[in-house]
Amino acid sequence: MTAARISPEPDAVDRIVDQWRRERPDLDPSPMHVIGRISRLHAALDEQLCRVFSDYDLGRGEFDVLATLRRSGRPFELSAGELCESMMVTSGAVTKRVDRLERAGLVSRRAAEVDARGRRVQLTDRGREVIDEVVEQHVHNEARLISGLTTDERLALTDLLRKLSRTLPTAIV
């Protein structure tokens, strides 16, 4: 059984696909319906999400560090390597973010007990207060951004996006 399709008014992506169909009838531009929308949604969502972060003088990267430390549980501390792995960024990117957060008094660094060359990054009390407040605003903002979808639509979209992420060459599972 095929799911019912919604027939909304054509949007910019529909117009782009139609233009390609007209100009290059030998190609099937239909993947642009999905990829084009995901790309446009990413840009729009990023802008909306970063507004909350900027209210706290944070960028997306700094938010990611604080959120990663906070959700790691007590003592809200990870090695730089664990931060890199969890956030899927380079060590240089983590260092830059942690430097900024340390200057702001939101995280602290200390030598690892096992290897003094290694560093552990920990939320300060102030850092925990800030991330708890920011993440609350972040979750409310995300709920607002998807409020146009029903619960069933959210679940279906979640499943479809999870499936798509598993089919990509560099899966983000």
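In which hand does α1 pass α2? The crossing of α1 past α2 is right-handed. This briefing concerns a predicted model. It covers three helix packings, the largest nonpolar core, which has 24 residues, and several backbone features in loops, among them a cis peptide bond from Arg74 to Pro75.

**Packing of α1 against α2**

- Helix α1 spans residues 12-23, and its axis comes within 9 Å of the axis of α2, with a crossing angle of roughly 140 degrees.
- Because angles over 145 degrees are needed for a roughly antiparallel arrangement, α1 and α2 are classed as oblique to each other.
- On the α1 side, the residues that meet α2 are Ala12, Val13, Asp14, Ile16, Val17, Trp20 and Arg21; on the α2 side, they are Met32, His33, Gly36, Arg37 and Arg40.
- The residues of this contact of α1 with α2 comprise six nonpolar, two polar and four charged.

**Packing of α2 against α6**

- Helix α2 covers residues 31-54, and α6 covers residues 125-145.
- The axes of α2 and α6 lie 9 Å apart, and the helices pack at an angle of about 150 degrees.
- That angle makes α2 roughly antiparallel to α6, since the class begins over 145 degrees.
- Helix α2 passes α6 in a right-handed crossing.
- From α2, the contact is made by Leu45, Gln48, Leu49, Val52 and Phe53; from α6, it is made by Val134, Gln137, His138, Asn141, Glu142, Arg144 and Leu145.
- Six nonpolar, four polar and two charged residues make up the contact of α2 with α6.

**Packing of α3 against α5**

- Helix α3 runs over residues 60-71, and α5 over residues 91-103.
- Their axes are 9 Å apart, and α3 and α5 pack at an angle of about 80 degrees.
- The pair is therefore roughly perpendicular, the range for that class being 65 to 115 degrees.
- Helix α3 contributes Gly61, Glu62, Asp64, Val65 and Leu66 to the contact, and α5 contributes Arg97, Val98, Arg100 and Leu101.
- By class, the contact of α3 with α5 holds four nonpolar, one polar and four charged residues.
- Gly61, a residue of α3, counts as buried because its relative accessibility is 12%, and the limit for buried is under 20%.
- The C-alpha atoms of Gly61 and Lys96 are separated by 9.4 Å, although the two residues are 35 residues apart along the chain.

**Nonpolar core**

- The largest nonpolar core has 24 residues, and those with the most contacts inside it are Leu58, Leu66, Leu69, Val107 and Val134.
- At least two residues of this core are supplied by each of α2, α3, α4 (80-87), α5, β3 (119-123) and α6.
- Helix α3 provides the largest share of this core, with five residues.
- Nonpolar side chains tend to be buried together in soluble globular proteins.
- Which residues does Val134 contact, leaving aside its neighbours within four places in sequence? They are Val52, Phe53, Tyr56, Leu58 and Phe63.
- Val134 is thus among the residues with the most contacts inside the core and also one of the α6 residues in the contact with α2.

**Backbone features in loops**

- Most residues other than glycine have a negative phi, and most peptide bonds are trans.
- The peptide bond from Arg74 to Pro75 is cis, with omega near 10 degrees, and Pro75 lies in the loop between α3 and β1 (77-79).
- Phe76 lies in that loop between α3 and β1 as well, and its phi is positive, near 55 degrees, in a residue other than glycine.
- Phe76 is buried because its relative accessible area is 7%, and the limit is under 20%.
- Asp57, in the loop between α2 and α3, has a positive phi of about 60 degrees although it is not a glycine.
- Asp57 is exposed because its relative accessible area is 53%, and exposed means over 50%.

**An exposed site on α4**

- Glu85 lies in helix α4 and is exposed, with a relative accessible area of 67%.
- The C-alpha atoms of Glu85 and Leu49 are separated by 23 Å, the two residues being 36 residues apart along the chain.

Technical notes
Residues are numbered from 1 along each chain as its sequence is written. This is a predicted model: local features need pLDDT of at least 70, side-chain atom pairs count only at pLDDT 80 or more; totals for chains, interfaces and linings use all residues. Side-chain values use heavy atoms; hydrogens and water are left out. Helices (H or I, at least four residues) and strands (E, at least two) are DSSP runs, numbered from the N terminus. Buried means under 20% relative accessible area, exposed over 50%, partly exposed in between (1.4 Å probe, protein chains only). Axes are lines fitted to C-alpha atoms, for helices over the stretch in contact, and angles run from 0 to 180 degrees between N-to-C directions. Angles under 35 degrees count as roughly parallel, over 145 as roughly antiparallel, 65 to 115 as roughly perpendicular and the rest as oblique. A crossing is left-handed if the near helix is turned anticlockwise from the far one by less than a right angle, and right-handed if clockwise. Contact means heavy atoms within 4.5 Å. Ala, Val, Leu, Ile, Met, Phe, Trp, Tyr, Cys and Pro count as nonpolar, Asp, Glu, Lys and Arg as charged, and the others, Gly among them, as polar. A nonpolar core is a set of buried Ala, Val, Leu, Ile, Met, Phe, Trp, Tyr and Cys residues joined through side-chain atoms within 4.5 Å.
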